[in-house]
Amino acid sequence: MSVDLHTHSTASDGTETPARIVELAAAAGLSAVALTDHDTLSGVPEARAAAERSGVELVPGVELSVDHDGRKLHLLVYFLEPGRGPLQDRLAELREGRTARNRRIIAKLRDLGYDITVDDVLAQAGGEAVGRPHIADALVARGLFPNRSAVFTDLLHDGGVAYEERPRLAAAEAISLARDSGAVSVVAHPYTIDGNRASYRRLFEELAALGLGGIEVEYPEHPLPLRETLGEVARALGLVATGGSDFHGAGKPGIAVGRGRGSLNVPDDVVARLRSRRAS
Ligand code: AMP
Ligand code: FE
Ligand code: FE
Ligand code: ZN
């Protein structure tokens, strides 16, 4: 059977509820699905209840954007439970950083002549992790852009005219907080990090020494040669090769839970291999 270890719900910037994601996973015949909303675990209880009803295993998680030597990368943290904990407590701070940054972006947009307010943005958000996608949705709701993606292209992409930075954890700190919280971290979609075989090997060697557990090898935007390279690096360094769709519902058209753009196939033994990486 197969699994999907990367999905976003209405708790962050996806358009489907946590329960619906689990139902989609069951319908796709998956044995497990991870909920990996940005900076929040608030969707986990609802997803877990749905998982108990459907017999699909729910892996609780989050996705974090972190800094490593001046570069941004995304970390997926698995088996992180809602409640208090070393990493859990930092998520609240990261969400506060989002709130302040959203205000700065909205101010920039207003200066540029786009008439949107904080309330317009909050009206687009279903959960507690609010960010650029909801700002984009607010501009779409005002009829100023055709879709989310067009707003990113014109205004909100990294370095774009309305872009603002937000506070991030360092990769080393995030990996170590994850371990201290009984969780395992995996580098998400490495195609977003420029690299070749040698530079990926160096990067993942450094992160493995810090306690990284795996690399997201199977991903809709990864061409076969990249998956081969990343798979070899994972094997050489003893890291788990994982995978997921990065499902966001209508927020990312053309991506299905468990199937990605059609050919995603992540074997179910990955879940047990990741679980065995938790610090005891
Ligand atoms: P934020 O976490 O607020 O910085 O927003 C980043 C999120 O925006 C990513 O996790 C994606 O879900 C979404 N995103 C980034 N680039 C695009 C894009 N070009 N089109 C649509 N959504 C995007
Ligand atoms: Fe997202
Ligand atoms: Fe990501
Ligand atoms: Zn994601």
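Which protein donors hold the iron ion (ligand 3)? In this predicted model, the iron ion (ligand 3) takes its protein donors from E63 (OE), H74 (ND1) and H189 (NE2), which lie 2.1 to 2.3 Å from the metal. Along the chain, these donors follow the spacing E-x10-H-x114-H. E63 belongs to strand β3 (residues 57–68) and H74 to strand β4 (residues 71–78), so this pair ties together parts of the chain that are eleven residues apart in sequence. E63 also has a bridging role, as the residue is shared between the iron ion (ligand 3) and the zinc ion (ligand 4). The separation of these two metals is 3.6 Å.

The zinc ion (ligand 4) also lies 4.7 Å from the iron ion (ligand 2). Coordination of the iron ion (ligand 2) is provided by D13 (OD), H38 (NE2) and H248 (NE2), at 2.1 to 2.2 Å. The spacing of these donors along the chain is D-x24-H-x209-H. H38 is found in strand β2 (residues 32–38), while H248 is found in the loop between β8 (240–243) and β9 (266–267), so the two histidines tie together parts that are 210 residues apart in sequence.

The arrangement of the chain into domains was examined next. The domain assignment gives domain 1 (2–87 + 169–279) and domain 2 (92–156). Domain 1 is thus given as two segments, whereas domain 2 is given as a single range. The centres of the two domains, taken over C-alpha atoms, are separated by 25 Å. At the boundary, twelve residues of domain 1 are in contact with ten residues of domain 2. The size of an interface is often expressed as the accessible area that is lost when the parts come together. Here, domain 1 and domain 2 bury about 860 Å² between them, with 49% of this area on carbon and sulfur atoms.

Polar interactions also occur between the domains. Six residue pairs are in polar contact between domain 1 and domain 2, both residues of each pair being at pLDDT 80 or more. By class, the side of domain 1 that touches domain 2 comprises three nonpolar, seven polar and two charged residues. One salt bridge is counted between domain 1 and domain 2. D39 and R98 form a salt bridge in which the closest N and O atoms are 2.8 Å apart.

D39 also forms a salt bridge with R166, with 3.3 Å between the closest N and O atoms. This pair links distant parts of the chain: R166 is located in the loop between α6 (148–156) and β5 (169–170), and D39 in the loop between β2 and α2 (44–54), 127 residues apart. The count of salt bridges comes to 25.

Notes
Residues are numbered from 1 along each chain as its sequence is written. Chains are lettered from A and ligands numbered from 1 in the order in which they are written. This is a predicted model: local features need pLDDT of at least 70, side-chain atom pairs count only at pLDDT 80 or more; totals for chains, interfaces and linings use all residues. Side-chain values use heavy atoms; hydrogens and water are left out. Domain bounds come from an automatic or database domain assignment. Contact means heavy atoms within 4.5 Å. Buried area is the accessible area (1.4 Å probe) that two parts lose on being put together, summed over both. A salt bridge is a side-chain nitrogen of Lys or Arg within 4 Å of a carboxyl oxygen of Asp or Glu. A polar contact is a pair of N or O atoms within 3.5 Å; within protein, one must be able to donate a hydrogen and the other to accept it, and residues adjacent in sequence count only if both atoms are side-chain atoms. Ala, Val, Leu, Ile, Met, Phe, Trp, Tyr, Cys and Pro count as nonpolar, Asp, Glu, Lys and Arg as charged, and the others, Gly among them, as polar. Donors are N, O and S atoms within 2.8 Å of the metal (3.2 Å for Na, K and Ca); water is not among the atoms, so sites may look incomplete. Helices (H or I, at least four residues) and strands (E, at least two) are DSSP runs, numbered from the N terminus.
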